[in-house]
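Reader: Please show me the structure, and then let us work through the cysteines, the charged pairs and the helix faces by question and answer.

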Amino acid sequence: MNDFFSQYTSRNFTRDPTIGLTQEFDRLALANRWRRRTVSRKRCEFRTAMVEEFNLRYGIDDRSLASWQNLCRVFGIQVVPESISKCKQSIRSIHVNLVDMIELKNNGGPVRVFRHLNSLRQYTKETGKWFPKGEAKAGGILKHLLRTQMI
């Protein structure tokens with residue numbers, strides 16, 4: 001995400017890493033006075049950058065035990081399974097906001113885990129932290145973390 005925002009750093013905009021990614025994008029658009037068409041185009045670039053950041057942090061190889069075990073740790077699973085299938089099983093019932101996972105490094109706290117999909121839906125609507133589901137379906141670890149339609 002640093003690469004995305006750094007290309008727009010100017011006297012009108014400097015990224016504040018303590019502010020959420022979505023809010024920072026909105027602030028960037030305002031600072032640059034982008035028109036609707038430009039905002040739409042830049043939002044596509046922003047979404048691509050989010051997918052790339054997720055893949056960089058959490059991996060793309062869904063056959064990597066280390067990647068699955070890392071996710072288990074991020075989700076606060078106390079006893080990290082020793083196989084991919086058991087990791088997947090442990091993660092299957094966990095609901096998290098994927099944007100929060102990208103912001104995790106910046107805000108330093110643990111990722112918020114939701115017990116129910118409806119709670120995640122409500123949180124996502126309230127915060128506006130939408131992850132680009134269409135791009136994430138391409139494969140890798142992301143496809144296992146996506147949940148049914150949020151609306």
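Reader: Is cysteine 72 buried or exposed?

Author: The model is a predicted one, in which local features need pLDDT of at least 70 and side-chain atom pairs count only at pLDDT 80 or more, while totals for chains, interfaces and linings use all residues. Residues are numbered from 1 along each chain as its sequence is written, and side-chain values use heavy atoms, with hydrogens and water left out. Burial is judged by relative accessible area (buried under 20%, exposed over 50%, partly exposed in between, with a 1.4 Å probe and protein chains only). At 0% relative accessibility, cysteine 72 is buried.

Reader: How many disulfides does the structure hold?

Author: A disulfide is a covalent bond between the sulfur atoms of two cysteines, and here the term is applied to a pair of cysteine sulfur atoms within 2.5 Å. For cysteine 72 the closest cysteine sulfur is that of cysteine 87, and because the two sulfurs are 3.8 Å apart they are too far for a bond. The number of disulfides in the structure is zero.

Reader: Which residues of helix H4 are buried?

Author: Helices are DSSP runs (H or I, at least four residues; strands are E, at least two), numbered from the N terminus. Helix H4 spans residues 65-74, and glycine 76, with a positive phi near 80°, follows H4. The buried residues of H4 are Ser67, Trp68, Gln69, Leu71, Cys72 and Val74.

Reader: How many salt bridges does a search of the whole structure find?

Author: The criterion for a salt bridge is a side-chain nitrogen of Lys or Arg within 4 Å of a carboxyl oxygen of Asp or Glu. One such pair is arginine 27 and glutamate 24, at 2.6 Å from N to O. Searching the whole structure gives a total of seven.

Reader: What separates arginine 27 and glutamate 24 along helix H2?

Author: In this pair arginine 27 is partly exposed at 31% relative accessibility, whereas glutamate 24 is buried at 0%. An α-helix has 3.6 residues a turn, so residues three or four places apart point the same way. Since arginine 27 and glutamate 24 are three residues apart in H2 (residues 21-32), their separation is about one helical turn.

Reader: Which residue forms a salt bridge with glutamate 53?

Author: Glutamate 53 is buried at 13% relative accessibility, and its partner lies four residues away in helix H3 (residues 36-58), a separation of about one helical turn. The partner is partly exposed, at 23% relative accessibility. With the closest N and O atoms 2.8 Å apart, the salt bridge is formed with arginine 57.

Reader: How many residues apart in sequence are the parts tied together by lysine 129 and glutamate 103?

Author: The side chains of lysine 129 and glutamate 103 meet in a salt bridge of 2.9 Å, N to O. Lysine 129 lies in the loop between helix H7 (117-127) and helix H8 (133-136), and glutamate 103 in helix H6 (residues 98-107), so the pair ties together parts whose separation in sequence is 26 residues.

Reader: Which residues are linked with Glu103 in a network of salt bridges?

Author: Glutamate 103 is buried at 5% relative accessibility, and lysine 129 is buried as well, at 12%. The residues linked with Glu103 in the network are Asp100 and Lys129.

Reader: Which residues are exposed on the other side of H7 from its buried residues?

Author: The buried residues of H7 are Leu117, Leu120, Arg121, Tyr123 and Thr124. They cover an arc of only 165° (taken from the directions from the helix axis to the C-beta atoms), which puts them on the same side of H7. On the other side of H7, the exposed residues are Asn118 and Glu126.
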